[in-house]
Amino acid sequence: CGIEWSGEWYIKWKRINDEMSSLSIGIKIDNLQLEPGEQLDLPPVHLGIFTGGPDEGTNNLRSYLHKKISPLHIDKEPIPLTSYDHYFGIGNNFTEELLQQEAKRAAEIGLEYFVLDAGWFKGGFPHGAGNWDIVDNEKFPNGIEPLSQYVRDLGMGFGLWFDPERAVKGSSVVRNHSEWFVPVNQPFYDTQNYHINLAIKDAQDYIIDLISNWITRLNLTWIRWDYNIDPNPLWEKIDPSGKITFVYIQGLYRVLDTLMKEHPSLMIDSCASGGRRIDLGTIKRAHTFWISDRSENPLICRYMQARANRFLPGHLLNLAVVTNLREGDGNFDHTSVLSRMMGALSFNGDIASWSPNLTSKMRTWVDLYKSIRHLLVQDFYQLFPIPTTADDW
């Protein structure tokens, strides 16, 4: 069971005796009072019944999430896809020329999407969040359009990163629409953060128009929707009763639903400082999830994807093979790639620094992955213990 809700919620199950149990599910709100005639729309609750043991239960859940909750992508049930993203390994330290080199290598190994992550806007990440209408002209003197065209000419879809619910002091969106924002004293890289109030319809429309304009301008077929801020301080400051959460989350869903409806070929990669907002509400409105910022360690990635497959279909589990700037072939072995092949397979960082030999090996791995990835949304059975070292079978 689960609740289609991207705020705080709970499930409580209690066995009363051998024949009876109790189940309660709800939203974490206390002392809520409705005014005369006031109505709140409660979120849907999903409840499934199955027979058998844990494997039958988790596989029924995985199938339900894949076939009934996850949105179609270009009228097809989603499968894990391959992508490139510069952030882990390169971060903000990129130039347009370097990204073109990375794009060429990404195409060589057969990746399907190339994503320009944080740092494309004035001020960079994190100090420029909110400058969504101002491109960093030092990195992109002619705008982002030439890079987008270059990537698409190589046969890949182009993607762009946003953190649209957060902005920093002095950013253009805070200056132009201060009435939508609440300052939040939550430390994030020692920067004063502001949280947008998506209970306001004009704020919703702004984000829809903003991202839609970029989709049209750059022919985007992928966006990473990040979320690097805690909503509770915003909600408590605006409405301690908790009713604000109902309107806010409905506003968030309206934005995502509208973007998917107006741009049916768009892939939405959901993120929240890693995988901190994965629930039935967001699964219904995203095609994959960046599940952790700890993507540099193959053993951690292997463990996370293997365990998450117990209850989430593989297309939702996006992790990356990371190559640091100018690292070259480094210490890559089979584990480096296999450890990310139980979900969506991404490559991050300076893959252009690989040797021709390693590039050829990576192409082989990507081709192999594409041949088996359809299985990652089917039933999952853990046949052996989780490996804990690179030498374990």
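Strands β5 and β6 are a good place to start: β5 covers residues 82–85, β6 covers residues 113–116, and the two pair in the parallel sense over three bridges. One of the matched residues is Y84, whose bridge partner in β6 is F114. Keep in mind that this is a predicted model.

Now zoom out. β5 and β6 belong to a set of eight strands that close into a barrel, and the pairing is parallel. Going around, the order is β5-β6-β7-β11-β12-β13-β14-β15. On average, neighbouring strands of this sheet are turned by 30 degrees against each other, direction ignored. As for what holds such a sheet together, strands pair through backbone hydrogen bonds, either parallel or antiparallel.

Some helices lie across the barrel strands. Here are two of them:

| Helix | Lies across | Angle |
|---|---|---|
| α10 (residues 298–308) | β14 (317–323) and β15 (344–349) | about 170 degrees to β14 |
| α12 (residues 356–372) | β5 and β15 | about 155 degrees to β15 |

Next, have a look at a couple of aspartates in the loops that come after barrel strands.

D117 sits in the loop between β6 and α4, the helix of residues 145–153. Is D117 buried or exposed? Its relative accessible area is 4%, under the 20% cut-off, so D117 counts as buried. Leaving aside residues up to four places away in sequence, D117 touches D85, H86, Y87, W161 and R224. With R224 there is also a polar contact of 3.2 Å between the side chains. For a sense of scale, take Q39, which is 78 residues from D117 along the chain: the C-alpha atoms of D117 and Q39 are separated by 40 Å.

D226 is the other aspartate, and you'll find D226 in the loop between β11 (220–225) and α7 (232–238). D226 is buried too, yet has no salt bridge. Which side chain of opposite charge is nearest to D226? That would be R224, 6.3 Å away.

What polar partners does D226 have, then? Its side chain joins that of N228 in a polar contact of 3.4 Å. A polar atom of the D226 side chain also lies 3.3 Å from the backbone nitrogen of S273. S273 turns up again among the residues that D226 touches, together with W161, F162, D163, P164, C271 and A272, not counting residues up to four places away in sequence.

One residue links the two stories: W161 is touched by D117 and also by D226.

Terms used. Residues numbered from 1 in each chain as written. Predicted model: local features only at pLDDT ≥ 70, side-chain atom pairs only at ≥ 80, totals over all residues. Heavy atoms only, no water. Pairing = 2+ DSSP bridges. Helix = DSSP H or I, 4+ residues; strand = E, 2+ residues; numbered from the N terminus. Axes fitted to C-alpha atoms, helices over the stretch in contact; angles between N-to-C directions. Contact = heavy atoms within 4.5 Å. Buried < 20%, exposed > 50% of the residue type's maximum accessible area, 1.4 Å probe, protein only. Lys, Arg positive; Asp, Glu negative; His and termini not counted. Salt bridge = Lys/Arg side-chain N within 4 Å of Asp/Glu carboxyl O. Polar contact = N/O pair within 3.5 Å; in protein donor to acceptor, adjacent residues only side chain to side chain.
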